[in-house]
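Here are a few friendly notes to read alongside the model. Keep the 3D view open and turn it as you go through the points.

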Amino acid sequence: MSDIYENIMELARRRGFIWPASECYGSVAGFIDYGPLGSMMKRRIEDTWREFYVVNEGYYEIECPTIGQEDIFIASGHLKGFSDLMCQCPHCNEYLRADHIAEGGGVKNASSLGCADLAREIRTLPCPACGEVLGDVEVFSFNLMFQTSIGPGSQRKGYLRPETAQGMFTDFQRLLRFYRDSLPFGAVQIGKSYRNEISPRQGMIRLREFTQAEAEIFVHPARKKHPNFSRYAEYRMPLLGIPQQQGETPAIVITMRDAVDRGLVANEYVAYYLALTHDLLVTVGVNPEKLRFRQHLPDELAHYAEDCWDAEILSERFGWVETVGIADRTDYDLKAHGTQSGERFTVFIPYETPRKERRIRVVANMGALGPRFRGKAKAIADALAEAVPGKDGVTIGIDGEEIFISPDLYQVREEEVDVPGEEVTPHVIEPSYGIDRMIYAVLEHSYAEEMVHDEERTVLRFPPRISPIQVAVFPLMNRDGLPEIAREITTRLKAARIMAEFDDSGAIGRRYRRQDEIGTPFALTVDYETPGSGTVTLRDRDSMQQVRVRTDTLTELIRSLLDGSSSFASLKSA
RNA sequence: GCAUCGAUGGUCUAGUGGCAUGACUUAGGCCUUCCAAGCCUAUAGCCCGGGUUCAAUUCCCGGUCGAUGCACCA
């Protein structure tokens, strides 16, 4: 079957958008190169992302190493949770999930067993692929993280990060100081992540090395109203929530205000980023008709998450592709790093007025305790501070030893103290974008083949802000001083930081087609009227219409067409 | 990863145990006053490794990549 995917990937290869990686040695599945036009397009999409998150939201970008030490991934859960217990059937060589086989054979909690235990459990069970009893099989843990070693002698394990998110968590204290100790704040990262997929087969949809753009927004757990919610409160878009999926009804089109009020979306933060994501995806060229937001069902929702939605993009080849995840991850990540590192991952939130609290404090009488208990006295005093003594004294445990402390050895004081505030572990709102998937979606949704004068025309209808080449400049004829004028115009456009490309090769029609194919939105042609009138023709990629425009105001005009502040349709010939 | 099928200039493709087709593209030239026109010329290819053979792009084995099915999948 020759589908649109093959045509797009052929175009992408031929024109320098996407290539298989390291082809001269034979490529490896799950790795791609972005060619000259692909890199430029990717950068423009990333810059649009930055415009939304860094410039508008004010969440600054950071850049952390792609290799992390083991502790990070112990805390994040990737070392454990990102592993599959697998085995290979000795009869049919099929790779199988060992824990699934065990559970199928009635073993409870198989995934929590070790490799050796699991191998014992499944040796009497049949292989689900060939039916033979497995017998003597080795169970091994396959982790989706790439492992490496840091420094010589491989003393220290390192892992290539499976997501960029952890960097924002590990830098939490620094970020908190940077944002002057107050919530909410956020940080973002755009960069490579790595997952050693078992069989990455869907071209650039499932890569072993891919680019993520993630934001981690730290909010007060009890204050989940977005300060700028009004921006998207009336934004209306289709949501496929849990009720719609369970009732198998279509997505409901609803404003973000209503979605939060009705409890479909957990809070304003999540709703805000659902809308922002919709806005962003459409801005970079995703077809809104082929975009939906689907809520995670209770069984796919991580246990700690409060709410999670995927932006899914419809691809002719791959169906609905998860491209963005937007989750309220609560305090899970920060708590985990707090426990693992022993460092503080909380924010001190002062009360508006300090609260008076009555406290009962047990103060040891060291003058009496010291001589009697000697070395243990300090431990006993500490234990007393935590204890709740009865009338006749208290029994405390020190190193497993029960010790009775009579009331003459301590004092119980009741006092009133000022409590100025409390330590709070923020909740994390995480929008996470798969940039490569976005790029594929934009390519597929922009791609069109149409008949023009009985000839097929291939065109990428990119939004102008995404196009790698922004304007092409042609001399109509390759003589009579026309090329010189066209070159001079090209230079002027470039000086204004517009990506302009001069082309004088072949017939004019061919040159238009070349640019159509790579999505260049506009073309300027210097013709025989140019020297006399100071005008050139401006040709619009999508309509193929032309207008004459003045050359002296060209850079301003092109700039406004590119940033969307004016449109081709509104132009009148000069 | 398993099974099946496939891999020929940049792209699409013909074909073969002995010199490897054609089209498009690209580059140079001629021509050309706005949408892949025409003419001339040039560049460029049998996925990788091993085996069989006088000789392998072709046959055999292994690998890589791709498609399909199975398995797996934040």
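**Notes on chain A**

1. Let us begin close to the end of the chain. Right after helix α20 comes glycine 564, and its phi is positive, near 85 degrees. Please keep this angle in mind, as positive phi values come back in points 4 and 5.

2. Now look at the helix itself. α20 spans residues 554–563 and is mostly covered, with seven of its ten residues buried. The buried ones are Leu554, Thr555, Leu557, Ile558, Ser560, Leu561 and Leu562. A general point helps when reading such a list: an α-helix has 3.6 residues a turn, so residues three or four places apart point the same way. What do the buried residues of α20 pack against? Their partners are one helix, α17 (482–495), and the strands β24 (471–475), β26 (522–526), β27 (535–540) and β28 (546–550).

3. Next, find the loop that runs from α8 (172–178) to β10 (185–194), where proline 184 sits. The peptide bond that links leucine 183 to this proline is cis, and its omega is near -10 degrees.

4. Glutamate 248 deserves a look too. You will find this residue in the loop between α10 (242–246) and β13 (252–255). Its phi is near 50 degrees, which is positive although the residue is not a glycine. Is glutamate 248 buried or exposed? With a relative accessibility of 72%, glutamate 248 counts as exposed, since the cut-off for that word is over 50%.

5. Aspartate 454 can be described in a similar way. This residue belongs to the loop joining β22 (447–452) and β23 (455–460). Here phi is near 65 degrees, again a positive value in a residue other than glycine. Aspartate 454 is exposed, and its relative accessible area is 75%.

6. Finally, step back to the whole chain, remembering that this is a predicted model. Chain A contains 20 helices and 28 strands. Its radius of gyration is 32 Å, whereas the globule rule gives 25 Å for 574 residues, so the chain is more spread out than a compact globule. The C-alpha atoms fill a box of roughly 110 × 70 × 55 Å along the principal axes. Of the 574 residues, 49% are buried. Among contacts between residues at least 6 apart in sequence, 65% join residues at least 24 apart.

7. A last word on charge. Chain A carries 67 positive and 86 negative side chains. The centres of these two sets lie 3 Å apart.

Key:
Residues are numbered from 1 along each chain as its sequence is written. Chains are lettered from A and ligands numbered from 1 in the order in which they are written. This is a predicted model: local features need pLDDT of at least 70, side-chain atom pairs count only at pLDDT 80 or more; totals for chains, interfaces and linings use all residues. Side-chain values use heavy atoms; hydrogens and water are left out. Helices (H or I, at least four residues) and strands (E, at least two) are DSSP runs, numbered from the N terminus. The radius of gyration is taken over C-alpha atoms; the globule rule is 2.2 Å times the number of residues to the power 0.38. Buried means under 20% relative accessible area, exposed over 50%, partly exposed in between (1.4 Å probe, protein chains only). Contact means heavy atoms within 4.5 Å. Lys and Arg count as positive and Asp and Glu as negative; His and the chain ends are not counted. The place of a charge is taken as NZ of Lys, CZ of Arg, CG of Asp or CD of Glu.
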